[in-house]
Amino acid sequence: MLGLIRADLKKLFRTKSLYVCMFIAAALGVCMSLLYNYFWQERGQNIALWYALMDQYGMGTELIDEAFRQIPSQNLMSYINIFFSDGAIWLMGAPCICAFCSAEYNSGTYKNTISRGCSRTKLFISKMLAALLELIIISLVYAAAGSIAALPHVELTTTLDAGQIIFMMIIYLILIIASASVFKLLTEIFIRSGFAVAAAIAAPMLIASLIQIASLAQPSLSDLSRYVLMNTFVTVQQSVQGGSGWTELITGIGYTAVSMAAGWLIFLRRELK
């Protein structure tokens with residue numbers, strides 16, 4: 001088993017796609033950080049004025065908070081949270097992981113490995129661990145690059161306590177594991193990386209649109225959108241600050257369990273050529 005894992009990790013770090021994705025993640029993180037800073041320079045005074053006026057007249061600020069949920073506050077932890085929750089990790093991770101996991105299908109090396117006595121279960125676990133490491137690397141590069149670029153412009157303060165920050169990071173880790181499991185499952189279903197990537201990106205958007213349409217007739221259905229994995233990232237900080245976060249945690253665990261079980265069963269029955 002350790003030999004399989006080492007072999008998959010060597011394949012991972014030899015692939016050019018990993019380094020290309022890391023470069024893209026770093027560049028995107030820096031660009032997003034600069035854009036957020038530009039937003040605050042251009043609109044920060046107006047936003048502060050809106051908050052002051054609403055507070056003066058005893059009005060709630062929920063509408064403003066909702067409108068600017070995807071814009072970080074001017075503190076470092078808020079930027080880190082946005083980089084984990086803005087959807088870029090999902091959009092960058094899908095092509096990287098699907099390409100890596102489908103490579104052995106395309107090259108036909110799975111059959112050779114199995115013929116040497118390796119079990120399919122061990123093969124699946126080894127590839128899953130390598131795919132997960134790839135997604136973690138991309139996520140950390142994106143968040144780190146964006147956060148470092150933001151340092152000259154933000155305060156090193158946060159409204160969260162240490163326990164909340166740790167719980168948030170645990171939830172994000174579980175959601176990243178769940179995302180890698182979903183990408184691996186889609187690769188097992190479609191084999192070709194192109195189809196898997198298209199499904200990974202299009203399916204959440206389609207499901208969210210259907211929920212939005214259905215909620216027009218039944219408003220309570222709008223709550224279902226938070227259970228779409230790609231959307232679950234968005235509500236983590238808000239939930240943790242509200243004293244919860246368990247919904248996002250359980251959702252991530254559920255996606256992980258179902259995706260890994262389904263992917264494993266498909267791989268066991270897949271005819272390898």
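Here is a short conversation about pockets, a cavity and a surface patch in a predicted model.

Colleague: Happy to have you walk me through this. How does one look for empty space in a structure?

Modeller: Rolling a probe the size of a water molecule over the atoms shows where empty space is left. In this model, the second largest pocket makes a good start, with a volume of about 170 Å³.

Colleague: Which residues line the second largest pocket?

Modeller: The lining is made of W90, V182, L186, A199, A200, A203, P204, I207, V228, L229 and Y255. Helix α9 gives the largest share, five residues. Both α8 (162-190) and α9 supply at least two residues each.

Colleague: And how do the lining residues of that pocket divide into nonpolar, polar and charged?

Modeller: There are 11 nonpolar residues, with no polar and no charged ones.

Colleague: Now the cavities, please. How many of 30 Å³ or more does the structure hold?

Modeller: One. The largest cavity has about 30 Å³ of space. Around that cavity you will find F84, G87, I89, W90, M230 and F233. Its lining divides into five nonpolar residues, one polar and no charged. Notice W90, which lines this cavity and also the second largest pocket.

Colleague: Let's turn to the surface. Which residues form a nonpolar patch there?

Modeller: Look for L206, L210, I213 and L216. Together they have about 460 Å² of accessible area. To place the patch, start from L210, which sits in helix α9, residues 193-217.

Colleague: So α9 is worth a second look!

Modeller: Yes: α9 holds L210 of the patch, and α9 also contributes five residues to the lining of the second largest pocket.

How values were computed:
Residues are numbered from 1 along each chain as its sequence is written. This is a predicted model: local features need pLDDT of at least 70, side-chain atom pairs count only at pLDDT 80 or more; totals for chains, interfaces and linings use all residues. Side-chain values use heavy atoms; hydrogens and water are left out. Patches are made of residues with over 30% relative accessible area and no salt bridge: like charges are joined within 9 Å, nonpolar side chains (Val, Leu, Ile, Met, Phe, Trp, Tyr) within 5 Å. Accessible areas come from the Shrake-Rupley method with a 1.4 Å probe; for residues, only the protein chains shown count as cover. A salt bridge is a side-chain nitrogen of Lys or Arg within 4 Å of a carboxyl oxygen of Asp or Glu. Helices (H or I, at least four residues) and strands (E, at least two) are DSSP runs, numbered from the N terminus. On a 1 Å grid over the protein atoms alone, a cavity is a set of points where a 1.4 Å probe fits but cannot get out, and a pocket is an open set with protein on both sides within 12 Å along at least five of seven lines; lining residues have an atom within 4 Å of a point. Grid points are joined across faces, edges and corners, and a volume is the space filled by probe spheres set on the points. Ala, Val, Leu, Ile, Met, Phe, Trp, Tyr, Cys and Pro count as nonpolar, Asp, Glu, Lys and Arg as charged, and the others, Gly among them, as polar.
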